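Work through the exercises below with the sequence and model at hand. Each task is followed by its solution.

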Amino acid sequence: MEIRVYKDSEELAAAAADLFAEVARDAIEARGWAKIGLSGGSTPESMYRLLAQPDRATLVDWSRTMLFLADERLVPYDDPRSNFGMIQRTLLANVDIPEANVYPVPTKFEAVSAIMYELSLKSVIPDMHADLIFLGLGEDGHTASLFSGSPALTETPRRAMVTPPGVLPPHVDRVTLTLPVINASRNIAFLVSGEKKAEIFRRVMDGDKALPASTVQPTDGNLIWLVDRAAAGKG
Ligand code: 6PG
């Protein structure tokens, strides 16, 4: 595990965008495609905006990049709570990525959404190995939509599951990747920003096994924590 600490949320976003571009380049060179899982929430928004800026967007071969989601809220894409809606506005609308390379969670079908999403995942990552999955850290220690006590935390062999809301808003059902898929990724990058995350970040670093985020342990890949000084408790 590697922890990289940045001055503030802007430096953190720039480092995350650089990591995206670097992993995509190496994966395309090695295997012809980059397969990258994106998370929602507010922290990665600035990274997506930076990736869409021409100086960075041109560093990525979008025609060879496949994108999927780490989790989604079961709301329409034009709902402000939709993770895919946010990713569309900040990134996808502004880069030249073929629609066929993007795999959102279908959100119209409640329980069936996860089954449909699982079919997408089987075609994007048939061998389970994503190149990179970005994750966030909730103040309650959740990640993706893996909340404390959720059956999704112990699920195998499904790759995606519907989960009820956790304690933090928005209080809507979700679809989340399960741990076997997350942990099979070649690289996993947590983005953690702000003083409000300092306490929970410290608990994860202290190895508190009760926290869902602590259960993210790549089987054979790299685990990288990108954290700003405030979240690292050095604010
Ligand atoms: C979501 C998520 C979730 C998020 C964390 C951190 O859909 O809510 O993907 O796991 O990453 O809650 O969210 P913030 O970046 O908003 O703090």
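**Exercise 1: pockets**

The largest pocket has a volume of about 620 Å³. Lining this pocket are 28 residues, and Gly41, Ser42, Arg73, Gly138 and Lys197 are the closest to its centre. A pocket is an open set of points on a 1 Å grid over the protein atoms alone, where a 1.4 Å probe fits, with protein on both sides within 12 Å along at least five of seven lines; lining residues have an atom within 4 Å of a point. This is a predicted model: local features need pLDDT of at least 70, side-chain atom pairs count only at pLDDT 80 or more, and totals for chains, interfaces and linings use all residues. Residues are numbered from 1 along each chain as its sequence is written, and side-chain values use heavy atoms, without hydrogens and water.

Task: find which residues line the second largest pocket.

Solution.
1. Its volume is about 160 Å³.
2. The lining consists of Phe84, Gln88, Leu92, Ala93, Ile97, Pro98, Glu99, Val102 and Pro104.
3. Sorted by class, seven are nonpolar, one is polar and one is charged.

**Exercise 2: salt bridges**

Task: locate the partners of the salt bridge between Asp18 and Arg56, and state whether each is buried or exposed.

Solution.
1. The closest N and O atoms are 2.9 Å apart; a salt bridge needs a side-chain nitrogen of Lys or Arg within 4 Å of a carboxyl oxygen of Asp or Glu.
2. Asp18 lies in helix 1 (residues 9-31) and Arg56 in helix 3 (residues 54-57), 38 residues apart.
3. Asp18 is partly exposed at 39% relative accessible area.
4. Arg56 is buried at 14% (buried is under 20%, exposed over 50%, partly exposed in between, with a 1.4 Å probe and protein chains only).

Terms used: Points joined across faces, edges and corners; volume = space filled by probe spheres on them. Nonpolar A, V, L, I, M, F, W, Y, C, P; charged D, E, K, R; others polar. Helix = DSSP H or I, 4+ residues; strand = E, 2+ residues; numbered from the N terminus.
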